[in-house]
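Hi,

Here's the structure I said I'd pass along. Have a look at it first, and my notes follow underneath.

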Amino acid sequence: MSRVNTVLGPVAAAELGFVAVHEHIGYGMPGSELDTQWWKTPEQRYEETVPKLRRFAEYSRGYGGCTFVDATGICNGRDVDYYQSLSAKTGVHIVAATGFVGGDTALRFFAEASVDYLMRQFVHEITVGIGNTGGKAGIIKVGVSRGFRMKELDLRIYRAAARAALLTGVPIFTHLAVDVEPALAVFAEEGLPLDRVLFGHADDGVSQGKVNEKAILGGGGRIGFDTFGYDLELPDPPFWGRHRRERLEHFLRLIHEGHLDQVLASADANCSPLGWPGVKGHTVNYIYEQLIPDLRQEGIDEATIHRIFVENPADFLTLTTN
Amino acid sequence: MKVTSPTVNTVLGPVPADDLGVVSVHEALLSVVPGAEHAYDITLDRAEIFEILAKKLTDFRNAGGQTIVDSTGMFHGRDLRLYEALSRSTGVHIVASTGMGPEENLGGYFLTPQTNPPTPWPAERFADLFGKEVTEGMVVPRVERRGAAGLVATTATRGGMTPTDESLFRGAARAALATGVPVSIRYGVDAVTELQLVLDEGLPADRVVVGDLDRTEAVAAGWPTAVAERGAFVAVDHVGRNDDDAFIRDAERAALVAELVAAGQVDRVLLSSNAVGVAKGHPAYELPYAHVQTAFAPLLASHGVADGDIQQILVANPRALLTVR
């Protein structure tokens with residue numbers, strides 16, 4: 001039986017439809033909740049979020065449904081009962097993550113925890129639920145702390161995630177694909193096949209020249225072009241932005257080189273950011289409004305688009321234990 | 001001419017300083033290691049937490065205690081609505097604190113912000129964050145502001161102050177200077193040097209309490225006397241802890257207090273226990289909040305400290321510290 005954990009319960013992979021595999025309902029660094037400059041009323045949060053999800057659902061009608069994978073880790077403002085209400089009211093499947101965006105987003109309690117404890121935390125959130133919401137995580141987030149070097153705590157989280165993934169069958173996605181060799185070593189030591197790992201943000205502007213694509217692809221890993229839309233052409237682009245054309249050509253190159261099964265794409269947009277201003281105008285719907293038209297313009301056919309946004313993510317998100 | 005009587009900020013609003021009575025300045029009500037609220041195996045049963053704390057506060061009150069200062073800052077389990085309800089139902093004044101520290105207790109928002117490069121927060125931003133918790137009210141994260149903080153509390157890293165610890169100390173001092181509430185510092189490796197950091201910001205020494213001065217190394221180094229001579233408050237604040245070589249024992253604490261009194265520093269001494277009402281994510285430390293009054297005050301008397309001096313230490317000194325200027 002193929003199943004994927006969403007915040008409202010397991011669904012068959014065939015029900016996922018069009019998948020945005022790396023998004024955020026709202027992301028904030030731990031501690032940002034103390035700074036009133038970012039606070040929003042519940043009304044404002046729903047007002048900023050619901051129309052984006054409804055539009056995503058409308059755009060996705062032809063695909064039979066849609067799924068929003070939220071990449072917000074523990075301590076980053078992850079808010080599962082809110083996601084449950086959003087999903088129930090908009091019809092968008094929402095997959096929540098366990099894990100951490102990186103060691104530098106793990107608060108002290110977790111920063112001091114052992115691999116075994118972290119694994120139990122992840123497994124509990126996948127099999128029992130997150131907090132008292134009953135919503136189960138469908139994926140594990142791990143990542144590299146700021147500075148582009150894997151730190152000891154980052155790797156402790158990677159190892160715990162690998163063990164939890166093997167035990168529960170959920171996949172892993174990473175924040176950043178830089179300094180990947182230590183991560184590859186951990187996954188190899190733990191025996192996790194690399195097709196269960198999506199190495200994310202391989203496309204961002206600041207990572208270029210620092211991602212060992214050959215090792216990731218050669219080992220069977222998946223590569224995330226998941227910051228589509230953070231374009232340097234924006235009026236006020238973030239520091240990780242990249243020229244639109246350059247990112248697109250990078251993506252097309254991997255497709256043309258025969259790596260179609262290993263690529264996934266997303267926008268990493270915040271519906272309603274929690275602890276930062278966000279990037280005005282950038283939403284999950286960039287995928288439909290800019291990226292897919294760009295791909296069609298470049299001669300990418302519908303079957304390939306289907307592979308990237310429907311089949312590949314369904315295969316990736318399906319609980320898989322060997 | 002309008003005469004305003006001096007007040008202290010409690011979770012239920014300003015109260016006349018003369019109403020504080022016996023005060024314990026360095027205690028914890030609900031203490032949660034940052035992040036532990038998300039742990040799969042930790043539950044935060046609010047009704048149960050209330051019941052435990054209400055019992056402990058009532059015992060404190062029955063032993064003559066009237067005011068508890070929760071000195072854990074803004075990011076270690078502080079729960080303002082809980083504390084308000086506890087204060088209303090037990091009659092104990094509760095002073096809550098703003099501030100954070102040491103660095104390892106901070107969230108990534110302050111240490112690796114989403115800027116390039118990820119420069120940690122400087123003192124000025126901490127000063128603004130803490131100051132607004134006094135002038136605009138303490139935060140219930142992402143929900144609302146409540147009453148004014150009565151203290152800015154921060155702590156240095158035990159292995160030595162980090163640059164962010166220094167920003168926290170300076171920011172705390174600036175917030176205190178701007179708002180009139182006092183500062184509490186718990187030192188990392190050198191009480192006197194670290195005290196100097198907050199004094200360098202222009203904060204008068206009598207607006208500062210230095211905690212942890214009953215650590216064995218602090219007493220050996222003579223820091224209690226040195227801190228008192230600089231005019232700051234000396235917190236002998238692990239009263240009741242007698243099983244840890246990192247701290248002196250109660251008999252030595254009594255001797256230390258007697259020594260400070262004999263040296264004419266009675267108005268610089270504060271006593272507290274660092275008891276933890278409810279601990280989440282770290283080991284419990286079960287000690288009645290009233291331990292100072294019930295067990296240690298008699299011990300002080302037996303060391304020859306006069307009743308008037310004991311009253312000064314328990315009532316007048318914390319009142320002077322906590323009164324908003």
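The side chain of Lys141(A) gets to within 2.9 Å of a backbone oxygen, the one belonging to Ala71(A). Bear in mind that this is a predicted model. Lys141(A) sits in strand β7, which runs over residues 139-143 of chain A. Its relative accessibility is just 1%, so Lys141(A) counts as buried, the cut-off being under 20%. Leaving out residues up to four places away in sequence, Lys141(A) touches a fair list of others, including His22(A), His24(A), Phe100(A), Ile157(A), Phe173(A) and His175(A).

Two of those names come up again in the UniProt record. Its "binding site" annotation, from an unreviewed entry, covers His22(A), His24(A), Lys141(A) and Asp268(A). These four span 247 residues in sequence, but no two of their C-alpha atoms are more than 13.3 Å apart, so they gather at one spot.

I also went through His24(A). You'll find His24(A) in the loop that links β3 (18-23) with α1 (42-59) in chain A. At 4% relative accessibility, His24(A) counts as buried. Its side chain makes a polar contact of 2.7 Å with the side chain of Thr72(A). Again skipping residues up to four places away in sequence, the contacts of His24(A) include Phe68(A), Asp70(A), Ala71(A), Asn270(A) and Cys271(A). Two annotated residues, Lys141(A) and Asp268(A), are also among the residues that His24(A) touches.

And what does the side chain of Lys141(A) share with His24(A) as a neighbour? Both residues touch Ala71(A).

Cheers

Notes: Residues are numbered from 1 along each chain as its sequence is written. Chains are lettered from A and ligands numbered from 1 in the order in which they are written. This is a predicted model: local features need pLDDT of at least 70, side-chain atom pairs count only at pLDDT 80 or more; totals for chains, interfaces and linings use all residues. Side-chain values use heavy atoms; hydrogens and water are left out. UniProt positions are given in the numbering used here, feature names are shortened, and annotations may be inferred rather than shown by experiment. Helices (H or I, at least four residues) and strands (E, at least two) are DSSP runs, numbered from the N terminus. Buried means under 20% relative accessible area, exposed over 50%, partly exposed in between (1.4 Å probe, protein chains only). Contact means heavy atoms within 4.5 Å. A polar contact is a pair of N or O atoms within 3.5 Å; within protein, one must be able to donate a hydrogen and the other to accept it, and residues adjacent in sequence count only if both atoms are side-chain atoms.
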